[in-house]
Amino acid sequence: MRDRIDAVYRAESRRVFATLVRLLGDFDVAEEALHDAFRAALEQWPRNGVPKNPRAWLVSAGRFKAIDAHRRNARFEMLDDDAAESLAAPEAPDSEGIEDDRLRLIFTCCHPALQPDAQVTLTLREVCGLTTEEIAHAFLTPAPTLAQRIVRAKAKIRDAKIPYEAPAPEHLTERLDSVLRVIYLVFNEGYAASSGASLTRHDLSGEAIRLARLLIEWLPEPEAQGLLALMLLHESRREARSSPAGDLIVLEEQDRSLWDQQFIAEGVALV
């Protein structure tokens with residue numbers, strides 16, 4: 001059962017976190033609620049079984065844990081009891097804006113009040129779950145510097161009272177460059193992992209492709225379509241990049257021309 005819960009954590013934790021941020025309005029509160037929800041799963045799922053919809057169960061558990069914490073020690077200074085009760089009420093359907101909470105939160109983190117590097121760094125860490133070391137590798141920046149950048153960005157969101165919501169349609173395009181940069185960096189870490197035993201991380205590259213597809217549904221801009229095509233092109237050859245033992249396959253010079261032709265044909269077909 002522990003292996004099953006670990007698998008759910010790897011697959012769903014950042015999406016659960018994104019929804020909790022939207023519901024609770026605070027990164028740190030949502031992170032604590034996420035951990036409380038998985039702690040409850042460790043206690044209850046071995047006894048009651050894994051629920052049919054683990055993500056919905058975890059979101060609900062996290063919300064109620066947050067409400068309980070508020071009532072115990074009033075940690076949520078911005079919420080009164082009525083507001084806390086409202087967290088437990090059924091969610092109203094979101095007829096406008098971005099449906100996927102993770103993509104919604106990426107747009108939130110890419111608020112123009114934050115510096116461009118802070119936008120991308122915060123999103124990669126808090127929304128996409130990359131470690132500080134992985135982000136530092138992508139930015140060619142020392143990890144402590146990245147950590148301070150994340151702390152300052154979260155403080156800026158809190159102090160400026162930046163809302164955790166999707167921007168109005170007319171403001172989506174102005175954040176597009178930062179959002180595309182985030183999605184690309186997530187894919188890049190999946191395509192060539194900076195740490196760990198595996199050469200690639202399919203969970204990250206797959207999530208980047210999923211987010212790009214969702215983004216194009218809302219903003220069918222050429223830049224977004226081009227990024228998706230590029231990622232699919234590379235992803236089409238992912239399994240051919242390493243041997244069954246996990247070693248990088250180095251192509252012989254005389255084979256590269258033919259390989260490149262096959263690479264392009266397969267990538268175009270996927271798009």
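**Figure 1. Tryptophan 57 and its partner ring.** Tryptophan 57 is partly exposed at 22% relative accessibility. The class covers the range between buried, under 20% relative accessible area, and exposed, over 50%, with a 1.4 Å probe and protein chains only. Tryptophan 45 has 1% relative accessibility and counts as buried. The ring centres of tryptophan 45 and tryptophan 57 lie 5.3 Å apart and the planes meet at 70°, so the pair is edge-to-face. Rings of Phe, Tyr and Trp (its six-membered ring) pair if their centres lie within 6.5 Å; planes under 30 degrees apart are stacked, over 60 edge-to-face, and the rest tilted. Tryptophan 45 belongs to helix H2 and tryptophan 57 to helix H3 (residues 54-73), so the pair ties together parts 12 residues apart in sequence. Helices (H or I, at least four residues) and strands (E, at least two) are DSSP runs, numbered from the N terminus. This is a predicted model, in which local features need pLDDT of at least 70, side-chain atom pairs count only at pLDDT 80 or more, and totals for chains, interfaces and linings use all residues. Residues are numbered from 1 along each chain as its sequence is written, and side-chain values use heavy atoms, with hydrogens and water left out.

**Figure 2. The whole chain, for orientation.** The protein has 13 helices and zero strands. Of its 271 residues, 44% are buried. Take the contacts (heavy atoms within 4.5 Å) with a separation of 6 or more: residues 24 or more positions apart account for 64% of them. The exposed surface is about 14,700 Å², and carbon and sulfur atoms supply 51% of it. Areas come from the Shrake-Rupley method with a 1.4 Å probe; for residues, only the protein chains shown count as cover.

**Figure 3. An aromatic cluster across distant parts of the chain.** The protein holds five aromatic pairs. In one of them, phenylalanine 27 and tyrosine 164 have ring centres 5.5 Å apart and planes at 70°, so this pair is edge-to-face. Phenylalanine 27 sits in helix H2 (residues 27-48), while tyrosine 164 is in the loop between helix H8 (143-159) and helix H9 (169-172), 137 residues apart. Phenylalanine 27 is buried, at 3% relative accessible area. Tyrosine 164 is buried as well, at 18% relative accessibility. Phe17, Phe27 and Tyr164 form one aromatic cluster.

**Figure 4. Arginines over rings.** The charged end of arginine 14 sits over the ring of phenylalanine 17, 4.5 Å from its centre. Arginine 149 lies over the face of phenylalanine 139, at 5.9 Å from the ring centre. A charge sits over a ring if NZ of Lys or CZ of Arg is within 6 Å of the ring centre and within 35 degrees of the ring normal.

**Figure 5. The second largest cavity.** There are two cavities of 30 Å³ or more. The second largest encloses about 40 Å³. Its lining consists of Ala18, Val21, Arg22, Asp101, Arg104, Leu105, Thr108, Tyr164 and Glu165. Helix H1 (2-24) and helix H5 (101-109) are the elements giving two or more residues to this lining. H5 supplies the largest share, four residues. On a 1 Å grid over the protein atoms alone, a cavity is a set of points where a 1.4 Å probe fits but cannot get out; lining residues have an atom within 4 Å of a point. Grid points are joined across faces, edges and corners, and a volume is the space filled by probe spheres set on the points.

**Figure 6. Two loop residues with positive phi.** Most residues other than glycine have a negative phi. Leucine 140 is not a glycine, yet its phi is positive, about 55°. Leucine 140 lies in the loop between helix H7 (132-139) and H8. At 78% relative accessibility, leucine 140 is exposed. Lysine 161, also not a glycine, has a positive phi of about 55°. Lysine 161 is placed in the loop between H8 and H9. It is exposed, at 68% relative accessibility.

**Figure 7. Two C-alpha separations.** Alanine 66 lies in helix H3. With a relative accessible area of 4%, alanine 66 is buried. Its C-alpha atom is 7.5 Å from that of valine 29, 37 residues apart along the chain. Glutamate 239 is in the loop between helix H12 (222-235) and helix H13 (256-270). Glutamate 239 is exposed, at 66% relative accessibility. The C-alpha atoms of glutamate 239 and histidine 202 are separated by 9.8 Å, with their positions 37 residues apart along the chain.

Terms used. 1 Å grid on protein atoms, 1.4 Å probe; cavity = no way out; pocket = protein on both sides within 12 Å on 5 of 7 lines; lining within 4 Å.
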